[in-house]
Amino acid sequence: MKVTLLGTGDAIGTPKIGCKCPACSDAHRGGRSRRMRFSVLLESDEDEGRVLVDTSPDLRWQLLKKDISSVDGVIWTHAHYDHYAGFGDFHRVQSHVDVYALKGTMDYILNYLYFLKPVRHDVLARQPFEIGGMEFVLFEVNHPPLETVGVLAGDGRKKVVITSDTNLDIPAASLDLMRDADLLLADAIMPPGYNLNKHMNAQEATELAKSLRAKEVRFTHLSHLYPPHEMALKRWPLGHDMMEIVL
Ligand SMILES: [Zn+2]
Ligand SMILES: [Zn+2]
Ligand SMILES: [Zn+2]
């Protein structure tokens, strides 16, 4: 299975418009602090299947960079703008897209995208389903006040867990599913010292990764409040845009 981090930024993206902080300056210079909004691409072996987790407002550039013109399905983790708003761009590239989400999330997003008619698949949390030769399970996380799920993806050989946006207070049933992943992609929006009730900071994401015994960890959904990427990388396993991880 191949995992590509199409966008590793928070809702604002880096550079933040108008900001001259060290990370934003690095981003303006073309460094790896430059982060588009959140999307992840999962590909099964031998190119059999391709699934997008979330459709970033930057999706057009992400697909151009990866030269992708079709996917087997889209999974939406929750109804925040930075996780679905790019879907409209995709419509002209691929007209019938299978989309998967919990019912409440689906209702909200398809209301926003009322002019599009993707093929809707309402999914229940903790009920497995299959797309493109990969098996998926959505599990509840904790990102108040929205209904939000993380994503477990497997190809029978390797296991990938994406926390989506969440604080550390994840339900026990979900934690059971998240254990022993080959790769954990964890929300770590800010460095330690900042505390948000909707997201984990880097210290909390580190704790989570340790308790779940993930073999490999990458932090994502990162804000400009981190030091510039290369410097931050000395302390935390930050992902960067277009990073490919082969499992
Ligand atoms: Zn987000
Ligand atoms: Zn900044
Ligand atoms: Zn969110």
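**Exercise 1.** In this predicted model, work out which spacing the donors of the zinc ion (ligand 1) follow along the chain, and then which residues coordinate that ion.

*Solution.* Begin with the sequence, where the donors of the zinc ion (ligand 1) follow the spacing D-H-x81-D-x55-H. In the structure, these donors are Asp 82 (OD), His 83 (NE2), Asp 165 (OD) and His 221 (NE2), which coordinate the ion at 2.1 to 2.3 Å. Next, consider the geometry: the angles among the four donor atoms run from 89 to 170°, and the site is irregular. Finally, look for a second metal, since Asp 165 also coordinates the zinc ion (ligand 3), which is 3.4 Å from the zinc ion (ligand 1).

**Exercise 2.** Decide whether Asp 165 is buried or exposed, and do the same for His 221.

*Solution.* The cut-off needed here is that buried means under 20% relative accessible area. Asp 165 has a relative accessible area of 2%, so this residue is buried. His 221 also counts as buried, because its relative accessibility is 2%.

**Exercise 3.** Describe where Ser 39 lies and what its side chain reaches.

*Solution.* First, place Ser 39 in strand β2, which covers residues 39–43. Then check its accessibility: Ser 39 counts as buried because the value is 0%. Last, follow the side chain, which reaches the backbone oxygen of Asp 54 at 2.9 Å and makes a polar contact of 3.4 Å with the side chain of Gln 62.

Definitions and conventions:
Residues are numbered from 1 along each chain as its sequence is written. Chains are lettered from A and ligands numbered from 1 in the order in which they are written. This is a predicted model: local features need pLDDT of at least 70, side-chain atom pairs count only at pLDDT 80 or more; totals for chains, interfaces and linings use all residues. Side-chain values use heavy atoms; hydrogens and water are left out. Helices (H or I, at least four residues) and strands (E, at least two) are DSSP runs, numbered from the N terminus. Buried means under 20% relative accessible area, exposed over 50%, partly exposed in between (1.4 Å probe, protein chains only). A polar contact is a pair of N or O atoms within 3.5 Å; within protein, one must be able to donate a hydrogen and the other to accept it, and residues adjacent in sequence count only if both atoms are side-chain atoms. Donors are N, O and S atoms within 2.8 Å of the metal (3.2 Å for Na, K and Ca); water is not among the atoms, so sites may look incomplete. Four donors count as tetrahedral if all angles lie between 85 and 135 degrees; four count as square planar and six as octahedral if opposite donors are over 155 degrees apart and all others between 65 and 115; anything else is irregular.
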